[in-house]
Amino acid sequence: MERSWRRAPARAFTLVELLIVVAVIGVLVALLMPVLGMARESARVTQCQNQLRQIGLALTKTAATAPPERLKPASLTQTLAPVLDDPRIWACPNATAEPVSFGFNVRTYRMQSSDALKIVSLDYRKAVADVVGHPPVDDWAVQSAPRHRGTCNALRLGGAVTAQAADAIDPNVCLNQDLFWRPQLDNVYLVAGSCELAVH
Ligand SMILES: [Zn+2]
């Protein structure tokens, strides 16, 4: 008997199989996209926090020698500029289109070592965060900038940087004035029995 060595013709993909493969790839991409997005956002959070840490180091280094008026928030960006030579340090990676990324607490210049947990700079929409006082001057709902999944990165005087929900540090809340914003030196201005400042 003669054996046939002819190979069977290669079987092509049917249209249905092709569509199944395309659909499976589509599902995999859809599953991966949020994971990739989260990884990118985590990287931006870390970058923003590192920038604030560097700003904190520059502040500590400069505060030792700079005259007090140079440490007022309106001048701080310029005062720190010689130590922070890369201007990109001032741009939160999630706010590249916004003119201002970080705001300095308006009372930073009155802080002492005992104010280590007070916020000196954070994700904000103005260079000066005028938030000390009850009520604060700034409209917190407008000026706070929770750019990182609902949180602001905040630099404490002691150098720590934490992600804070805007509500958790809202300066309109009396307790938050004490915990996060008002230097201990300013307590002498408090109206007795309230968190209102007698003098700004
Ligand atoms: Zn940021």
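**Exercise 1. Which residue in β3 is the bridge partner of N105?**

Before we start, a word on the model. Residues are numbered from 1 along each chain as its sequence is written. This is a predicted model, in which local features need pLDDT of at least 70, side-chain atom pairs count only at pLDDT 80 or more, and totals for chains, interfaces and linings use all residues.

*Solution.* Step 1: find the strands, here DSSP runs of E with at least two residues, numbered from the N terminus, while helices are runs of H or I with at least four residues. Step 2: look at strand β1 (residues 102-105), which is joined by two bridges to strand β3 (residues 128-129). These two strands run parallel; strands count as paired if DSSP finds at least two bridges between them. Step 3: read off the partner of N105 in β3, which is A129.

**Exercise 2. Find the antiparallel partner of β1.**

*Solution.* Step 1: go to strand β2 (residues 119-123), which pairs with β1 over three bridges in the antiparallel sense. Step 2: check one bridge, where F102 has D123 as its partner in β2.

**Exercise 3. Describe the fold and the extent of the protein chain.**

*Solution.* Step 1: count four helices and five strands. Step 2: read their order from the N terminus, α-α-β-β-β-α-β-β-α. Step 3: consider the radius of gyration, taken over C-alpha atoms, against the globule rule of 2.2 Å times the number of residues to the power 0.38. The chain is more spread out than a compact globule, because its radius of gyration of 27 Å is well over the 16 Å that the rule gives for 200 residues. Step 4: add the box filled by the C-alpha atoms, roughly 110 × 40 × 25 Å along the principal axes.

**Exercise 4. Is R149 buried or exposed?**

*Solution.* Step 1: place R149 in the loop between α3 and β4. Step 2: note its positive phi of about 50°, although R149 is not a glycine. Step 3: apply the cut-offs, with C-beta atoms placed from the backbone: buried means 20 or more other C-beta atoms within 10 Å, exposed means 12 or fewer, and partly exposed lies in between. R149 has 12 such atoms within 10 Å, so R149 is exposed.

**Exercise 5. Where does the confidence peak?**

*Solution.* Step 1: recall that pLDDT is the predictor's confidence in each residue, from 0 to 100. Step 2: take the chain average, 87. Step 3: compare the elements: confidence is highest in strand β4 (residues 151-156), at 97, and lowest in helix α2 (residues 73-80), at a mean of 83.
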